[in-house]
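User: I would like to learn how to read helix packing, burial and ligand surroundings from a model. Could you take me through these features one at a time?

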Amino acid sequence: MGVVARRSRWPVVVPSVDPVMISARRPLGLFLRRALGAPGTVGAVVPSGRALVGALVAPVLERVGRPLAVLEVGAGTGPVTRRLVQELRVGDRLDVVECDPAFLPVLHDVVAGARCTAQVHGCRVEDLPGGRRYDVVVSALPLTNFPVTGVRAVLDRLDALFAPGGTLVRFGYLGSTAARVLVAGPGEVARHREVQRLLDVRGGSRRRVWANLPPAAVVRVQAPAGSW
Ligand SMILES: C[S@@+](CC[C@H](N)C(=O)[O-])C[C@H]1O[C@@H](n2cnc3c(N)ncnc32)[C@H](O)[C@@H]1O
């Protein structure tokens with residue numbers, strides 16, 4: 001959660017790293033090492049904080065009755081996975097996809113405590129085998145770092161993974177387009193704009209989460225009940 005500074009005229013929410021992240025069980029150090037080692041793939045400096053995790057799992061919290069099949073893509077050190085494991089019940093299914101092998105032992109530990117059927121897949125989502133379909137897909141992929149062809153491949157794959165009427169939740173960091181315009185060359189700015197266009201044409205409702213480092217926009221896309 002962020003800290004509210006009360007002395008200023010307007011309350012200012014100062015994003016903070018969730019203190020429970022800095023513990024042996026939630027390996028912030030591992031995340032930082034991989035963020036430095038593979039910045040384009042990891043795409044963040046710290047794991048998602050509690051407020052962002054809450055926004056990402058909202059469709060699971062809102063479920064009515066029937067069992068859910070949930071896919072988490074880009075799990076990292078597992079802040080979203082932990083919350084999903086807490087919320088999902090006997091009869092539900094959780095598949096967790098993460099392409100960086102360094103994160104897999106942590107993720108296996110997290111899903112070991114699940115009441116639902118849970119499996120970790122150490123691969124890129126583009127290569128995820130099987131014809132399973134999901135009611136909820138939570139994506140933490142840093143798509144705005146990817147080449148345009150990579151984003152198309154991921155979005156095509158995600159489209160094929162939805163159950164009719166399913167929900168996709170994804171996020172991006174606020175101000176990333178403006179930041180790139182300031183520091184990147186024209187080719188990189190054009191790539192970023194095209195990726196953003198591919199994401200925008202898919203529509204969805206947006207919710208800003210200020211109490212995260214950095215603040216993020218969570219986008220929620222509902223697939224049509226018949227087909228996607
Ligand atoms: C921004 S981090 C998010 C980590 C975590 N879910 C969180 O919210 O803190 C993105 C994660 O996606 C993973 N990733 C990137 N490309 C991927 C792909 N094509 N398939 C699966 N995972 C991918 C990275 O290794 C990284 O762990």
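**Reading the packing of helices**

Analyst: Helix H5 (residues 79-87) and helix H6 (residues 104-112) pack at an angle of about 15 degrees, and their axes lie 9 Å apart. Angles under 35 degrees count as roughly parallel, so H5 is roughly parallel to H6. Please keep in mind throughout that this is a predicted model.

User: Which residues of H5 and H6 make the contact, and in what hand does H5 pass H6?

Analyst: H5 passes H6 in a right-handed crossing. On the H5 side the contact is made by Thr81, Arg82 and Val85, and on the H6 side by Leu107, Val110 and Val111. Sorted by class, the residues of this contact of H5 with H6 are four nonpolar, one polar and one charged.

User: How should I read the pair formed by helix H7 and helix H9, and at what angle do their axes cross?

Analyst: The same reading steps can be used here. The axes of helix H7 (residues 148-160) and helix H9 (residues 186-200) cross at roughly 15 degrees and come within 9 Å, which means that H7 is roughly parallel to H9. H7 passes H9 in a right-handed crossing. Val148, Val151, Arg152 and Leu155 of H7 meet Arg191, Glu194, Val195 and Leu198 of H9, and by class this contact of H7 with H9 has five nonpolar, no polar and three charged residues.

User: What is the angle between H8 and H9, and is their crossing left-handed or right-handed?

Analyst: Helix H8 (residues 176-183) packs with H9 at an angle of about 165 degrees, their axes being 9 Å apart. Angles over 145 degrees count as roughly antiparallel, and therefore H8 is roughly antiparallel to H9. The crossing of H8 and H9 is left-handed. In this contact Thr177, Arg180 and Val181 of H8 meet Glu188, Val189, His192 and Gln196 of H9, and the residues of the contact of H8 with H9 divide into two nonpolar, three polar and two charged.

User: Let us turn to burial. Is leucine 94 buried or exposed?

Analyst: The general idea is to count neighbouring C-beta atoms, and a residue is buried if 20 or more others lie within 10 Å of its own. Leucine 94, which is found in strand S6 (residues 93-97), has 26 other C-beta atoms within 10 Å and is therefore buried. Leaving aside residues up to four places away in sequence, leucine 94 touches Val70, Glu72, Leu84, Leu88, Val111, Ala114, Cys116 and Ala118. For one of these, alanine 118, the C-alpha to C-alpha separation from leucine 94 is 4.6 Å, although the two residues are 24 residues apart in sequence.

User: How many C-beta neighbours does arginine 89 have inside 10 Å, and where is arginine 89 placed?

Analyst: Arginine 89 lies in the loop between H5 and S6, and with 11 C-beta neighbours inside 10 Å it counts as exposed, because the exposed class takes in counts of 12 or fewer. Not counting residues up to four places away in sequence, arginine 89 touches Arg115 and Cys116. The C-alpha atoms of arginine 89 and threonine 117 are separated by 8.6 Å, with their positions 28 residues apart along the chain.

User: What is the burial class of glycine 150?

Analyst: Glycine 150, placed in helix H7, has 16 C-beta neighbours inside 10 Å and so counts as partly exposed. Glycine 150 and valine 195 are 9.6 Å apart, C-alpha to C-alpha, and 45 residues apart in sequence.

User: Which residues are closest to the ligand, and how many residues surround the ligand?

Analyst: The ligand is surrounded by 23 residues, and the closest are Pro47, Ser48, Gly74, Gly76 and Ala140. Helix H2 (39-42) and H5 each supply at least two residues of this shell around the ligand, whose residues divide by class into 14 nonpolar, five polar and four charged.

User: Where is the cis peptide bond that ends at proline 214, and what does the whole protein look like by numbers?

Analyst: The peptide bond from leucine 213 to proline 214 is cis, with omega near -5 degrees, and proline 214 sits in the loop between strand S10 (205-209) and strand S11 (216-222). For the whole protein there are nine helices and 11 strands, and buried residues make up 34% of the 228 residues. Of the contacts with a separation of 6 or more, 72% are between residues 24 or more positions apart.

Conventions: Residues are numbered from 1 along each chain as its sequence is written. This is a predicted model: local features need pLDDT of at least 70, side-chain atom pairs count only at pLDDT 80 or more; totals for chains, interfaces and linings use all residues. Axes are lines fitted to C-alpha atoms, for helices over the stretch in contact, and angles run from 0 to 180 degrees between N-to-C directions. Helices (H or I, at least four residues) and strands (E, at least two) are DSSP runs, numbered from the N terminus. Angles under 35 degrees count as roughly parallel, over 145 as roughly antiparallel, 65 to 115 as roughly perpendicular and the rest as oblique. A crossing is left-handed if the near helix is turned anticlockwise from the far one by less than a right angle, and right-handed if clockwise. Two residues are in contact if their C-beta atoms, placed from the backbone, lie within 7 Å. Ala, Val, Leu, Ile, Met, Phe, Trp, Tyr, Cys and Pro count as nonpolar, Asp, Glu, Lys and Arg as charged, and the others, Gly among them, as polar. A residue is near a molecule or strand if its C-beta atom, placed from the backbone, lies within 6 Å of it.
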